[in-house]
Amino acid sequence: MEQPSEFISIVNATMHDHATALLTLDDGRQLLVDLTGVREPGADGLGHAVVTLSLSDPSLAMMDPEEIRARLRILPDMHWCSHWNDASLAVEGDAVAAKAAKDALDSWDAADEAEFLARLPKDVEPSLIPGLRRETVLHREVKAILESASSIATPGLEVVVERDPPDEFAGEWETASIRKMWMTGPRQLDFGDVRLEKKVASIVPDVIADLNPGKVHGWGGTMTWVAGDFDEDEEDTYPFTWPAAILVEVTVTHGIDDEKLRRIRDLDMPTLEIDIGSLGGTVTRENLRDLVVNQLLGKRWVHHPVLRAKRRVLESAIDEHPVTLRYRERLLELRRPAYLAQPAAYWAARYISAMTSFHDANVGIKRAGRKHVGNGPKPQFLGSDSELWQQVEEASEALAAHGLPGALDRMMVDESGMVTRILSIQQNRGVGYDMNTGYQVLNAIMQSGPDNKRWHTIYTMAVKAYGLEAHFTKAQADSYARWRQSIIDGVDLQDVTYLRPSTYDKVLGVLFPEMARGIAKKYGLQPEPL
């Protein structure tokens, strides 16, 4: 049923005005009371106001009205029920609220929700959804900050290598461990071009940022501790160069997993993690920008190419540390009887076999890495913990016990060291080099820098001893002849650039007996000190 609309007449209306007041008593007590105001008609036709005070306490009811009025203080209770600018104020209020939500990182519209739900796994626990939504907001905001940032504060780089004494020394000899740490200070990196979520090889990093200027150099220092006590502090002699770009990964609750870390290491680019989840507390957009751009909290380098190189430098430095050398001498004393039970030629053969196999394996791994496809792990190079390298170390110690030291020096054992170069000439193929012929390796030797010229007489002896010239083309023979003549001229002039120390002559003569006769002639040796 509906009642039709109709006009009615109002005969009488009484207006009531309500207010709340504070009544203060003599003893300091304060009471809240209700006041009701009405307009009563008067004989003059104007009427008068009547205020009624509702009291339940008889003692208060007996008070004089003027005294009660003096003790009352009306509390303000005024507000706009409507305003002529309601529409514009509502728009302004919505804008203020939206800005406040954005600043508090609480803004989330229908498009955001649709995209979030589209990416949400179907089997996710419902109770986790609010947290994932918040994680999405933070992740998105940090990427936006980085996209617009011109620079970022980054933590220092650090690598630590520690060497414990050999097991043979436990409880009976010197047991000091050696610890070396290379580190740099924090630095502000200036950005050039910044790209979000662009695929690089097998990963899609959150951010790829080109460094500006293109070449960034860094300096570090190395500290050493022996048996827990500080030993020395050294600054870098030369700077290192940063790659042209860095990757940035933003994490909130889930860090970088092992598989992604492996891919980052395969890519070999500097990668900075910003862990927003570790910061805690309430954060605004302004505070978040300051944390991301200017602060170091929550940041760490998960990978940097220079760290691998510096680790090798530290390992080599520990190898040459006086404490390590004392350990080596002591171990040699303990193992000498077993080493001397076999002739030096036996250990030389084991050394050459292990060195050849070790470097051939790594060349094969390098080739396999170039052919690698897909997201699976790339083959890893053999290192100092491999069985073949341990065989090299054992044979080197045995040769030292026979009075033939130096076989384990970097100048000898590196992939471009003297042993791999001589083996390449001997076998007319690359050993330690990804090359097919002995001449290709010899050509690389001929192009090497002035620091290596002191050893060139050794390589000419190897070419002669193993008849490599028989495999040269006419052009190769001419090139080799010119190079060989430059060495002869340098030695004849006693140019120190072409004169070698006798450091490795004895051990090379045993490792490569076909060269022993030429080495024994002492051609190209530095003069003996007076």
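How many of the six residues of strand 11 are buried? The exercises below work towards this and other points.

This is a predicted model, with residues numbered from 1 along each chain as its sequence is written. Local features need pLDDT of at least 70, side-chain atom pairs count only at pLDDT 80 or more, totals for chains, interfaces and linings use all residues, and side-chain values use heavy atoms, with hydrogens and water left out.

**Exercise 1. Place strand 11 in its sheet.**

Step 1. Start with burial. Five of the six residues of strand 11 are buried, so this strand is largely enclosed by the rest of the structure. Buried means under 20% relative accessible area, exposed over 50%, and partly exposed in between (1.4 Å probe, protein chains only). Strands (E, at least two residues) and helices (H or I, at least four) are DSSP runs, numbered from the N terminus.

Step 2. Find the sheet. Four strands form an open, antiparallel sheet in the order 6-7-11-12. Strand 6 (158–163) and strand 12 (229–235) are the edges; each has a single partner strand, so one side of each lacks a neighbour in the sheet. The twist averages 15° from one strand to the next. Two strands pair if DSSP finds at least two bridges between them.

Step 3. Check one side. Strand 7 (residues 178–183) pairs with strand 11 (residues 221–226) over six bridges, in the antiparallel sense. Ile-178 stands opposite Val-226, and Met-181 stands opposite Met-223.

Step 4. Check the other side. Strand 11 and strand 12 run antiparallel and are joined by six bridges. Here Met-223 stands opposite Asp-233. Two residues lie between the strands of this hairpin, in which Ala-227 takes a positive phi near 55°.

Step 5. Add the helix. Helix 8 (residues 305–319) packs on the sheet and touches strand 6, strand 7 and strand 11. Its direction makes about 30° with that of strand 6. Contact means heavy atoms within 4.5 Å. Axes are lines fitted to C-alpha atoms, for helices over the stretch in contact, and angles run from 0 to 180 degrees between N-to-C directions.

**Exercise 2. Describe the six-stranded sheet.**

Step 1. Read the order. This open sheet runs 5-8-9-14-15-16, with mixed pairing. Neighbouring strands are turned by 40° against each other on average, direction ignored.

Step 2. Take one pair. Strand 9 (residues 207–211) and strand 14 (residues 245–251) pair antiparallel over four bridges. Val-207 has Val-248 as its bridge partner.

Step 3. Add the helix. Helix 7 (residues 285–294) lies across strand 5, strand 8 (187–196), strand 15 (271–275) and strand 16. It runs at about 70° to strand 5.

**Exercise 3. Work out the surroundings of His-402.**

Step 1. Locate the residue. His-402 sits in the loop between helix 11 (387–401) and helix 12 (410–413).

Step 2. Judge exposure. His-402 is partly exposed, at a relative accessible area of 27%.

Step 3. List contacts. Leaving out residues up to four places away in sequence, His-402 touches Tyr-339, Leu-340, Gln-342, Pro-343, Ala-344 and Trp-347. The C-alpha atoms of His-402 and Leu-340 are separated by 6.8 Å, although these residues are 62 apart along the chain.

Step 4. Find the polar partner. A polar atom of the His-402 side chain lies 2.8 Å from the backbone oxygen of Gln-342.

How values were computed:
Polar contact = N/O pair within 3.5 Å; in protein donor to acceptor, adjacent residues only side chain to side chain.
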